[in-house]
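Welcome! Here are some short exercises to help you find your way around a new structure. Try each task yourself before you read the solution.

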Amino acid sequence: MAILGIEQLLYGVEDLEPSSRFQEDWGMERVDAGAHGTDFRLQNNTTVHLRRAGDGALPPATVRWLPHLSRSTLREAIWGVDSEISLQAIGAELSRDREVKTDSSGMLHAVDDCGFHIGFMVSRRKEVILPATEVNTVGTYARRNRQADGTRRRRVSPYKAGHLVYWVTDKLDEGARFYVERLGFRPTDNSPVMRFMRANGCNDHHTLLLQREPGLWGFQHVAYEYKDFDEVMFAGCHMEEQGWKTNTGPIRHNISSTCSWYLWNPGGGVAEAYADMDYVDDNWVVGNYDPKDPGFYGVSWAVRPGARRARPAEWIDD
Ligand SMILES: [Fe+2]
(Lines give C-alpha, C1' and ligand atoms only; values in the text may rest on other atoms or scores of the structure.)
Protein backbone atom coordinates (compact mmCIF):
# COMPACT_ATOMS: atom_id res chain seq x y z
CA MET A 1 0.00 0.00 0.00
CA ALA A 2 1.19 3.51 -0.69
CA ILE A 3 0.10 6.68 1.04
CA LEU A 4 0.84 9.58 -1.30
CA GLY A 5 0.35 12.50 1.06
CA ILE A 6 -2.24 14.88 2.47
CA GLU A 7 -5.42 14.74 0.38
CA GLN A 8 -7.92 16.80 2.37
CA LEU A 9 -7.82 18.97 5.47
CA LEU A 10 -10.97 19.57 7.50
CA TYR A 11 -11.07 22.56 9.85
CA GLY A 12 -13.71 23.58 12.35
CA VAL A 13 -13.58 27.38 12.62
CA GLU A 14 -15.20 29.90 14.90
CA ASP A 15 -15.58 32.60 12.27
CA LEU A 16 -15.85 31.58 8.62
CA GLU A 17 -15.20 34.98 7.05
CA PRO A 18 -11.61 35.69 8.15
CA SER A 19 -10.70 32.01 7.89
CA SER A 20 -11.92 31.89 4.29
CA ARG A 21 -10.23 35.18 3.42
CA PHE A 22 -6.94 33.86 4.81
CA GLN A 23 -7.07 30.81 2.52
CA GLU A 24 -7.84 32.98 -0.51
CA ASP A 25 -5.03 35.40 0.31
CA TRP A 26 -2.80 32.34 0.67
CA GLY A 27 -3.55 31.63 -2.98
CA MET A 28 -6.07 28.82 -2.81
CA GLU A 29 -8.93 28.55 -5.28
CA ARG A 30 -12.36 28.79 -3.65
CA VAL A 31 -14.50 26.08 -5.22
CA ASP A 32 -17.60 26.15 -3.03
CA ALA A 33 -19.05 28.41 -0.36
CA GLY A 34 -22.26 28.46 1.63
CA ALA A 35 -23.68 28.76 5.10
CA HIS A 36 -22.16 25.38 5.96
CA GLY A 37 -18.60 26.35 5.08
CA THR A 38 -16.05 26.99 2.35
CA ASP A 39 -14.04 24.61 0.19
CA PHE A 40 -10.70 25.33 -1.44
CA ARG A 41 -8.55 23.54 -4.00
CA LEU A 42 -4.79 23.45 -4.30
CA GLN A 43 -2.94 23.21 -7.58
CA ASN A 44 -2.46 19.44 -7.30
CA ASN A 45 -6.24 19.03 -6.90
CA THR A 46 -6.19 18.28 -3.16
CA THR A 47 -8.55 20.28 -0.96
CA VAL A 48 -9.08 22.24 2.24
CA HIS A 49 -12.53 22.42 3.86
CA LEU A 50 -13.64 24.98 6.44
CA ARG A 51 -16.71 24.19 8.51
CA ARG A 52 -18.36 26.00 11.39
CA ALA A 53 -16.87 24.90 14.72
CA GLY A 54 -20.29 23.87 16.00
CA ASP A 55 -21.02 21.58 13.02
CA GLY A 56 -22.13 18.32 14.61
CA ALA A 57 -20.72 16.28 11.73
CA LEU A 58 -17.14 17.30 12.58
CA PRO A 59 -14.83 15.13 14.68
CA PRO A 60 -14.12 16.82 18.02
CA ALA A 61 -11.26 19.30 18.48
CA THR A 62 -8.23 17.65 20.04
CA VAL A 63 -6.10 20.67 20.96
CA ARG A 64 -5.31 20.70 24.67
CA TRP A 65 -3.33 23.46 26.27
CA LEU A 66 -4.89 26.85 25.68
CA PRO A 67 -8.69 26.71 25.51
CA HIS A 68 -9.00 29.39 22.85
CA LEU A 69 -6.86 27.34 20.45
CA SER A 70 -9.58 24.68 20.30
CA ARG A 71 -12.19 27.05 18.97
CA SER A 72 -10.64 27.06 15.50
CA THR A 73 -8.42 24.14 14.60
CA LEU A 74 -7.83 21.21 12.30
CA ARG A 75 -10.38 18.49 13.02
CA GLU A 76 -9.36 15.75 10.58
CA ALA A 77 -6.52 15.00 8.18
CA ILE A 78 -7.36 12.82 5.18
CA TRP A 79 -4.49 10.90 3.58
CA GLY A 80 -4.60 10.06 -0.14
CA VAL A 81 -3.66 6.52 -1.18
CA ASP A 82 -2.68 5.14 -4.56
CA SER A 83 -5.45 2.59 -5.14
CA GLU A 84 -8.66 1.01 -3.92
CA ILE A 85 -6.60 -2.03 -2.95
CA SER A 86 -4.44 0.13 -0.69
CA LEU A 87 -7.53 1.68 0.84
CA GLN A 88 -8.93 -1.73 1.64
CA ALA A 89 -5.59 -2.85 3.08
CA ILE A 90 -5.47 0.16 5.41
CA GLY A 91 -9.05 -0.47 6.50
CA ALA A 92 -8.25 -4.13 7.26
CA GLU A 93 -5.07 -3.23 9.13
CA LEU A 94 -6.66 -0.57 11.33
CA SER A 95 -9.80 -2.63 11.94
CA ARG A 96 -7.66 -5.08 13.90
CA ASP A 97 -7.72 -2.84 16.96
CA ARG A 98 -10.00 0.16 16.36
CA GLU A 99 -13.22 1.24 14.78
CA VAL A 100 -12.96 2.17 11.10
CA LYS A 101 -15.99 3.88 9.59
CA THR A 102 -16.67 4.05 5.86
CA ASP A 103 -18.75 7.02 4.74
CA SER A 104 -21.05 7.27 1.73
CA SER A 105 -18.18 8.42 -0.50
CA GLY A 106 -16.06 5.40 0.43
CA MET A 107 -13.69 7.41 2.62
CA LEU A 108 -12.37 5.66 5.73
CA HIS A 109 -12.32 7.39 9.10
CA ALA A 110 -10.39 6.32 12.21
CA VAL A 111 -8.38 7.70 15.13
CA ASP A 112 -4.61 7.38 15.43
CA ASP A 113 -2.76 6.30 18.58
CA CYS A 114 -2.50 9.90 19.76
CA GLY A 115 -6.25 10.43 19.45
CA PHE A 116 -6.09 12.56 16.29
CA HIS A 117 -8.78 11.98 13.70
CA ILE A 118 -7.53 10.65 10.37
CA GLY A 119 -9.13 9.52 7.15
CA PHE A 120 -8.12 7.79 3.94
CA MET A 121 -9.36 7.99 0.37
CA VAL A 122 -8.14 7.06 -3.09
CA SER A 123 -6.20 10.10 -4.18
CA ARG A 124 -7.54 12.45 -6.84
CA ARG A 125 -4.31 14.39 -7.01
CA LYS A 126 -2.59 15.28 -10.21
CA GLU A 127 1.16 15.33 -10.47
CA VAL A 128 2.59 18.79 -10.98
CA ILE A 129 6.05 19.02 -12.53
CA LEU A 130 7.60 22.45 -12.83
CA PRO A 131 10.84 23.37 -14.59
CA ALA A 132 13.83 24.08 -12.35
CA THR A 133 14.27 27.68 -11.37
CA GLU A 134 17.19 29.05 -13.36
CA VAL A 135 19.77 30.55 -11.05
CA ASN A 136 23.07 32.12 -11.99
CA THR A 137 26.00 31.57 -9.69
CA VAL A 138 29.69 32.37 -9.84
CA GLY A 139 31.02 31.10 -13.12
CA THR A 140 27.93 28.99 -13.88
CA TYR A 141 25.09 30.71 -15.65
CA ALA A 142 21.78 28.86 -16.05
CA ARG A 143 20.16 32.04 -17.33
CA ARG A 144 21.66 34.17 -20.04
CA ASN A 145 20.35 37.34 -21.60
CA ARG A 146 17.15 37.35 -19.57
CA GLN A 147 15.99 38.39 -16.14
CA ALA A 148 15.12 36.02 -13.30
CA ASP A 149 11.49 34.89 -12.87
CA GLY A 150 11.56 36.42 -9.41
CA THR A 151 11.94 39.92 -10.83
CA ARG A 152 8.23 39.91 -11.72
CA ARG A 153 5.97 40.16 -8.69
CA ARG A 154 2.90 37.96 -9.05
CA ARG A 155 0.22 36.25 -7.01
CA VAL A 156 1.25 32.72 -6.19
CA SER A 157 -0.64 29.62 -5.25
CA PRO A 158 0.43 26.57 -3.23
CA TYR A 159 0.94 23.31 -5.14
CA LYS A 160 0.16 20.95 -2.30
CA ALA A 161 -0.22 20.53 1.44
CA GLY A 162 3.16 18.96 2.13
CA HIS A 163 3.17 18.12 5.82
CA LEU A 164 1.37 18.24 9.14
CA VAL A 165 2.79 18.82 12.60
CA TYR A 166 1.21 17.86 15.90
CA TRP A 167 2.26 18.47 19.49
CA VAL A 168 2.03 15.11 21.29
CA THR A 169 3.21 15.79 24.87
CA ASP A 170 4.40 12.38 26.11
CA LYS A 171 3.25 10.18 23.21
CA LEU A 172 6.17 10.73 20.86
CA ASP A 173 7.28 7.10 20.48
CA GLU A 174 3.79 5.67 20.65
CA GLY A 175 2.47 8.14 18.09
CA ALA A 176 5.33 7.60 15.66
CA ARG A 177 5.13 3.81 15.99
CA PHE A 178 1.54 3.86 14.79
CA TYR A 179 2.40 5.69 11.58
CA VAL A 180 5.56 3.65 10.91
CA GLU A 181 4.38 0.16 11.86
CA ARG A 182 0.72 0.36 10.90
CA LEU A 183 0.75 2.74 7.93
CA GLY A 184 4.23 2.26 6.47
CA PHE A 185 5.60 5.75 7.07
CA ARG A 186 9.41 5.99 6.83
CA PRO A 187 11.34 7.70 9.65
CA THR A 188 13.62 10.37 8.22
CA ASP A 189 15.10 12.22 11.22
CA ASN A 190 14.80 11.94 14.98
CA SER A 191 15.61 13.87 18.11
CA PRO A 192 14.57 13.33 21.72
CA VAL A 193 11.61 15.60 21.07
CA MET A 194 10.84 15.11 17.37
CA ARG A 195 9.98 12.36 14.90
CA PHE A 196 10.11 13.29 11.23
CA MET A 197 8.40 10.82 8.88
CA ARG A 198 7.49 10.64 5.22
CA ALA A 199 4.54 8.78 3.76
CA ASN A 200 5.80 5.72 1.88
CA GLY A 201 4.47 6.99 -1.45
CA CYS A 202 6.12 10.38 -1.14
CA ASN A 203 9.76 11.49 -1.34
CA ASP A 204 9.47 14.70 0.66
CA HIS A 205 11.73 14.73 3.71
CA HIS A 206 8.63 14.75 5.89
CA THR A 207 4.89 14.54 5.49
CA LEU A 208 4.36 14.28 9.24
CA LEU A 209 6.22 15.57 12.28
CA LEU A 210 5.34 14.72 15.85
CA GLN A 211 6.81 17.08 18.41
CA ARG A 212 6.99 16.63 22.17
CA GLU A 213 6.68 19.53 24.55
CA PRO A 214 5.33 19.21 28.09
CA GLY A 215 1.73 20.30 28.30
CA LEU A 216 1.21 20.85 24.58
CA TRP A 217 -1.17 18.64 22.64
CA GLY A 218 -2.79 18.88 19.24
CA PHE A 219 -2.53 20.45 15.82
CA GLN A 220 0.37 22.84 15.34
CA HIS A 221 0.80 23.63 11.64
CA VAL A 222 0.29 22.56 8.07
CA ALA A 223 2.86 23.42 5.41
CA TYR A 224 2.13 24.31 1.79
CA GLU A 225 4.65 23.90 -0.97
CA TYR A 226 5.45 26.69 -3.40
CA LYS A 227 7.72 26.52 -6.42
CA ASP A 228 10.82 28.18 -5.12
CA PHE A 229 12.37 30.75 -2.83
CA ASP A 230 10.82 33.69 -4.69
CA GLU A 231 7.34 32.21 -4.46
CA VAL A 232 7.68 31.78 -0.68
CA MET A 233 8.73 35.43 -0.46
CA PHE A 234 5.82 36.50 -2.69
CA ALA A 235 3.38 34.51 -0.54
CA GLY A 236 4.69 35.84 2.79
CA CYS A 237 4.93 39.45 1.60
CA HIS A 238 1.41 39.32 0.19
CA MET A 239 0.01 37.89 3.42
CA GLU A 240 1.64 40.60 5.53
CA GLU A 241 0.35 43.25 3.11
CA GLN A 242 -3.16 41.85 3.64
CA GLY A 243 -2.73 42.29 7.39
CA TRP A 244 -1.99 38.71 8.43
CA LYS A 245 0.60 38.19 11.15
CA THR A 246 3.87 36.38 10.73
CA ASN A 247 4.60 33.68 13.28
CA THR A 248 8.15 32.94 12.11
CA GLY A 249 10.15 33.80 9.06
CA PRO A 250 11.48 34.01 6.54
CA ILE A 251 14.05 31.40 7.53
CA ARG A 252 16.09 28.48 6.16
CA HIS A 253 15.72 25.31 8.25
CA ASN A 254 18.59 22.94 8.69
CA ILE A 255 16.58 19.69 9.06
CA SER A 256 14.83 19.19 5.69
CA SER A 257 16.46 22.36 4.21
CA THR A 258 13.27 24.29 3.54
CA CYS A 259 13.00 28.03 3.08
CA SER A 260 9.92 28.79 5.17
CA TRP A 261 7.61 31.56 6.26
CA TYR A 262 4.92 30.85 8.90
CA LEU A 263 1.76 32.86 9.43
CA TRP A 264 -0.97 32.63 12.06
CA ASN A 265 -4.06 31.09 10.51
CA PRO A 266 -7.40 32.28 11.95
CA GLY A 267 -8.77 28.87 10.93
CA GLY A 268 -6.38 27.19 13.38
CA GLY A 269 -2.70 26.95 14.23
CA VAL A 270 -0.18 28.16 11.73
CA ALA A 271 0.23 27.88 7.96
CA GLU A 272 3.74 27.50 6.57
CA ALA A 273 4.79 28.46 3.06
CA TYR A 274 7.88 26.49 2.05
CA ALA A 275 10.06 25.53 -0.89
CA ASP A 276 13.20 23.52 -1.59
CA MET A 277 12.61 20.60 0.78
CA ASP A 278 15.04 17.65 0.72
CA TYR A 279 13.94 14.92 -1.69
CA VAL A 280 14.74 11.57 -0.08
CA ASP A 281 14.32 7.85 -0.76
CA ASP A 282 15.14 4.67 1.15
CA ASN A 283 18.88 5.47 0.86
CA TRP A 284 18.40 8.49 3.14
CA VAL A 285 20.37 8.09 6.36
CA VAL A 286 18.16 8.84 9.34
CA GLY A 287 19.70 11.52 11.53
CA ASN A 288 19.57 11.55 15.32
CA TYR A 289 19.84 15.12 16.47
CA ASP A 290 20.88 16.24 19.90
CA PRO A 291 19.15 19.43 21.03
CA LYS A 292 22.53 20.60 22.35
CA ASP A 293 24.11 20.37 18.89
CA PRO A 294 24.25 23.51 16.81
CA GLY A 295 22.78 21.54 13.89
CA PHE A 296 19.64 20.74 15.84
CA TYR A 297 16.31 21.79 14.32
CA GLY A 298 16.88 25.44 13.85
CA VAL A 299 17.80 27.83 11.13
CA SER A 300 20.89 28.70 9.15
CA TRP A 301 19.53 32.21 8.70
CA ALA A 302 16.51 34.19 9.80
CA VAL A 303 15.68 37.52 8.23
CA ARG A 304 13.99 38.74 11.39
CA PRO A 305 15.36 36.73 14.32
CA GLY A 306 13.24 38.79 16.69
CA ALA A 307 10.12 37.53 14.91
CA ARG A 308 10.92 33.90 15.61
CA ARG A 309 8.03 32.72 17.72
CA ALA A 310 8.22 28.98 17.38
CA ARG A 311 8.75 28.42 21.09
CA PRO A 312 5.67 26.84 22.63
CA ALA A 313 5.26 29.50 25.28
CA GLU A 314 4.79 31.95 22.45
CA TRP A 315 2.39 29.73 20.54
CA ILE A 316 -0.43 32.03 21.44
CA ASP A 317 -2.40 33.92 18.84
CA ASP A 318 -2.56 37.49 20.01
FE1 LIG B 1 6.75 22.63 8.82
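**Exercise 1. Follow strand E13 through its pairings and its surroundings.**

Solution. Begin with the partner on one side: strand E12 (residues 186-191) runs antiparallel to E13, and 5 bridges join the two. Keep in mind that this is a predicted model.

Next, look for a residue pair to anchor your view: Arg186 lies opposite Arg198 in E13. The link between the strands has 2 residues, and E12 and E13 form a hairpin.

Now turn to strand E14 (residues 208-211), which also pairs with E13 in the antiparallel sense, over 4 bridges. Here Met194 has Gln211 in E14 as its bridge partner.

Last, check the burial of E13 (residues 194-198): 5 of its 5 residues are buried. Met194, Phe196 and Arg198 are on one side, Arg195 and Met197 on the other, and both faces are covered.

**Exercise 2. Work out the strand order of the open sheet of 8 strands, and find its edges.**

Solution. Read the order across the sheet: E2-E3-E4-E1-E5-E8-E7-E6, with mixed pairing. The edges are strand E2 (29-34) and strand E6 (101-102), each of which pairs on one side only.

At the E6 edge, 2 bridges join E6 to strand E7 (residues 108-111) in the antiparallel sense. Thr102 is found opposite Leu108 in E7.

Then add the helix: H1 (residues 16-26) packs on the sheet and touches strand E1 (3-13), E2, strand E3 (37-41) and strand E4 (47-52). The direction of H1 makes about 170° with that of E4.

**Exercise 3. Describe the two neighbours of E1 in the sheet, then its part in the nonpolar core.**

Solution. As a reminder, strands of a sheet pair through backbone hydrogen bonds, either parallel or antiparallel. E1 shows both senses: E1 and E5 run antiparallel, joined by 8 bridges, while E1 and E4 are parallel, with 6 bridges.

For landmarks, find Gly12 opposite Thr73 in E5, and Gln8 with its bridge partner Thr47 in E4.

Now consider burial: 11 of the 11 residues of E1 are buried. The largest nonpolar core has 76 residues, and Leu9 is one of those with the most contacts inside it. E1 gives the most to this core, with 7 residues. Leaving aside residues up to four places away in sequence, Leu9 touches Val48, His49, Leu74, Ala77, Ala161 and Val222.

**Exercise 4. Does the length of helix H2 agree with or depart from the expected span, and which side of it is covered?**

Solution. First compare the lengths: at 1.5 Å a residue, the 12 residues of H2 (residues 84-95) should span 16 Å, and the end C-alpha atoms are 16 Å apart, so the two agree.

Second, list the buried residues, which are Ser86, Leu87, Ile90 and Leu94. Because they cover an arc of only 105° around the axis, they are on the same side of H2.

Third, look at the other side of H2, where Glu84, Ile85, Ala92 and Ser95 are exposed. The cover over the buried residues includes strand E5 (73-81), E7, strand E8 (117-122) and helix H3 (172-182).

**Exercise 5. Is Asn288 buried or exposed?**

Solution. Locate Asn288 in strand E19 (residues 287-288). Count its C-beta neighbours inside 10 Å: there are 9, so Asn288 counts as exposed.

Methods: Residues numbered from 1 in each chain as written. Predicted model: local features only at pLDDT ≥ 70, side-chain atom pairs only at ≥ 80, totals over all residues. Buried ≥ 20, exposed ≤ 12 C-beta atoms within 10 Å, placed from the backbone. Pairing = 2+ DSSP bridges. Contact = placed C-beta atoms within 7 Å. Axes fitted to C-alpha atoms, helices over the stretch in contact; angles between N-to-C directions. Core = buried A, V, L, I, M, F, W, Y, C linked by C-beta atoms within 7 Å. Expected span 1.5 Å × (residues − 1). Arc of directions from axis to C-beta.
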